[in-house]
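Trainee: Could we go through one helix pair together, and the domains around it? I would like to see how each label is earned.

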Amino acid sequence: MSRNALINELRAIVGEHYVLIEKEDVIVYEQDGSIFQVMPEIVVLPANVEQVSAVIKAAKRANVPIVPRGSGTGLAGGAVPAEGGIVLSLARLDRILKIDLPNRIAIVEPGVINQDVTKAVAEDGFFYAPDPSSQAACSIGGNVANNSGGPHTLAYGVTTNHVLGLEVVLDDGQIIWLGGEVPDTPGYDLCGIFVGSEGTVGIVTKIVVRLMKTRESVRTLLAVFDQMDHATQTVVDITGAGIIPAALEMMDRTTIEAVERGAPVGLPRDAEAVLIVEVEGVREQTEKAVEVARGICQRNGAREARVARDESERQLLWKGRKGAFGAMGALAPNYYVQDGVVPRSQLPEIMRRIAEISKQYNLRIANVFHAGDGNLHPNILFDMRTPGELDRVVEAGAATLRACIELGGSITGEHGIGIEKKAYIGLLFNEADLEAMSRVRKVFDPDGRFNPAKLFPTPVSCGEVRRQPANIPAGLWL
Amino acid sequence: MALEHVDHNQEHGGSAKIDALNLPELYQCVHCGLCLNQCPTYRALRLEPESPRGRIHLVRAAAEGRVELNERFKEHLYLCLLCRACETACPSGVQYGRIAETAREKLGPPGSRLARAVLNFVFTRVLPYPRRLRTVALLLRWYQHSGLQRLILPLLPKKLRQMDSMLPRVPDRFFEPGRKVFPAIGQRRAKVAMLNGCVMPLLFGEVNAATVRVLQSNGCDVVFPKNQICCGALNIHNGEQDAAKEMAKQNIDAFLAAGVDTVIVNSAGCGATMKEYGYLLRDDPAYAERAAIFSSLVKDAGEFLADIGLVAPLGRVEMTVTYQDPCHLAHGQRVRSQPRKLLNAIAGVKLLEMEGSDRCCGSAGIYNITHPDMSQHLLKEKMQSIAANGAPAVVAPNPGCMLQLRYGSERYGPALKVYHLMDLLDRAYASADASDLK
């Protein structure tokens, strides 16, 4: 099929306005929240599942890659079309189809914004638990693709723990349901295969999500430290004391500087680290837990440990924390964020090692992370326009991940593999592991057209990566 | 793969680099996407070229010579309302408005050649001249009052009829303060100069009069410096910065000569623009410093009064209202709490917050004329939001929003009174005086 024939077919399916082919349109889709850029050839925005199915059939006949995209807030290049082709934006599938409070579920389309699910049920005392920092903009579909977490992952788990069923469109355009509206369905957990698959096995068009009851009481503590070691030791001690906070977050001095320059929330700029400790539950329990946590902070040398007085003060703390990645722009034009994980007890050691890596490579690294589950986010700050700097950044990033693995951890907590961590997945899985996974992928994507050149260290079945687009650092390709 | 494609990635260097667009603000954007869902045009269309992140990327691509400044590019930059909601959402503090205004300056005014010629005439030959503006308003009033409007309206084509229906009703009296000093009542707390504005004295003269009375009641001597003119906001927003710079200089000279503590503006759009004269004239050796000093003196009327604290006595005003945040007040000047504080200070006023109060109503300067479809879409949403809220009145301290909301109330409902914040404060002071007399 020629390019023009495909474009005409796509226009017939979704309407002319929603097939983008001009450079002044598609260039906008060459990026997501990461440092990777590859321009798509065509961007298609279907409005419903039937149109999604028809687009996929057309793409199959034309043998063109399909890269699904939600809000494009991902941090690993998952929505960047590494091999060109069609970017399938699901932004127009943005309806909340059903809210069933007695059964505590909602059925939503993939383009629905994460925060809007909670907004829709908040007055009735419910919420949707996974809360990525980008929740004001990121889509539920993107969350499913990346099995996203967030600060409250510590208490509530990640996306896969909150998805009961999915409607998906398969490689041949068939529309099927996996899982359902009740928690347990017999047979293979195919739903589980789609969650975290990063768009490599099919297109999700409806999601049955679990809703949770808002807790009676929430208390949020801000603890300020003059030494990083004291802050990390506090994290070890709090979790060791048997308190399970709903969230336990850390921001270092550089991150605080970014937040306070970008969109200030009043964090102390001279502190080496701050911790945000949040506890939820019944009132008696939270009052007690927050006092225990405060005591631990003070014993570890916190110069200040105060509980947010009201909801607006609490929201301000979270605004600072959740805006932290975006705020890196206030310090440098580019940042490269890692997503390593270490056992909590190793937090003091990994922070020391990251500080060494920062010195060794002469790069500023801002740390903001989910301390409670040992999920680090070192943001390496740089300027893409400085020749050679990107290579150093990639090396420094690899060094942090190697340090994580040496300390018994992993290379990604929640951002997904995307383009970014393809090169490192081999550090975590052996060949047989990867082969088993790629066989699963082949069942759903026999032609290797669903988000190709992602997730796996080598392309699975679609031949070689044909080109190395200019803006993908060479070190990230195997 | 079988698709023969145009490989956009191989097209680097296709166009010339444009240094004028290579702004430092571009490199502060790390394309996190947190602005998307706050952008009215992205919310409506779900197309990323119609989002702040998309537009920033386009401008950067143009600066780097990767895309041309063609019509398509221009459409994306002009579909933006310049509401700057993205600036409120941005964790990095990217000043999107500056990026978009610079790009528009490079692109020139929007629309067809005829539309551009008309706009250019209005921007450079009418707006900077208060007497000409007054003449236009007089003609418009004559058209509306003489019966001519009723006579020719049925003969007009539909598009013109719709534009006619958006024309504001010109009131019988304009606000013409002259050179007198309006003296402070009670203890004198400040000497302030007020911007009379371009459309405010002609269409909302009563609001300007009310603002003066409220300032007087709060211990302010109020003057209107001679030679002040339109602030130039419309020029800047529509790619006519040269004219705007001259207007800014004239205002800076006029107001700095008045020797006042503060420059008071009761129109959000003008206030935002005048607070940015310092930026507008940053490269002008003769004016850069004076412009920065001038900008530091500018305060929105509500912002100023909330900061110095209202002087008692305020009487009761029995009214339930909702508050529409003018974009250039909430996003452009970060003034959100102060107007609410003032409303809550009036006994009897009940403030009911609506969903999305800081989302643009679609007025956006001349946007409602240049982009009627998007403007009406946003207005309909706004009216639904107000209807759901149930308040019979809305407070919106900006002339563009007031006109748009009045039009929305007539066209889509609900029936609604539209007030400026200063209207209600003026009523509160008047009702206190009345009860004193009893």
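**Two helices and two domains**

Mentor: Gladly! In H8(A), the residues Met228(A), Asp229(A), Thr232(A), Gln233(A), Val235(A) and Val236(A) meet Leu347(A), Pro348(A) and Met351(A) of H13(A). This is a predicted model, where local features need pLDDT of at least 70, side-chain atom pairs count only at pLDDT 80 or more, and totals for chains, interfaces and linings use all residues. Residues are numbered from 1 along each chain as its sequence is written, with chains lettered from A and ligands numbered from 1 in the order in which they are written.

Trainee: What makes residues count as in contact?

Mentor: Their C-beta atoms, placed from the backbone, lie within 7 Å. The residues of this contact divide into 6 nonpolar, 2 polar and 1 charged.

Trainee: Why are H8(A) and H13(A) called roughly antiparallel?

Mentor: Their axes cross at roughly 150 degrees and come within 8 Å. Angles over 145 degrees count as roughly antiparallel, and therefore H8(A) and H13(A) earn that name. The crossing of H8(A) past H13(A) is right-handed, the term for a near helix turned clockwise from the far one by less than a right angle.

Trainee: Which domains does chain A have?

Mentor: An automatic or database assignment gives the bounds: domain 1 (3-89), domain 2 (96-213), domain 3 (215-329), domain 4 (332-418) and domain 5 (422-469).

Trainee: How many residues of domain 3 of chain A are in contact with domain 4 of chain A?

Mentor: On the domain 3 side there are 21, facing 18 residues of domain 4 of chain A. H8(A) gives the largest share of that domain 3 side, 7 residues.

Key: Axes fitted to C-alpha atoms, helices over the stretch in contact; angles between N-to-C directions. Helix = DSSP H or I, 4+ residues; strand = E, 2+ residues; numbered from the N terminus. Parallel < 35°, antiparallel > 145°, perpendicular 65-115°, else oblique. Nonpolar A, V, L, I, M, F, W, Y, C, P; charged D, E, K, R; others polar.
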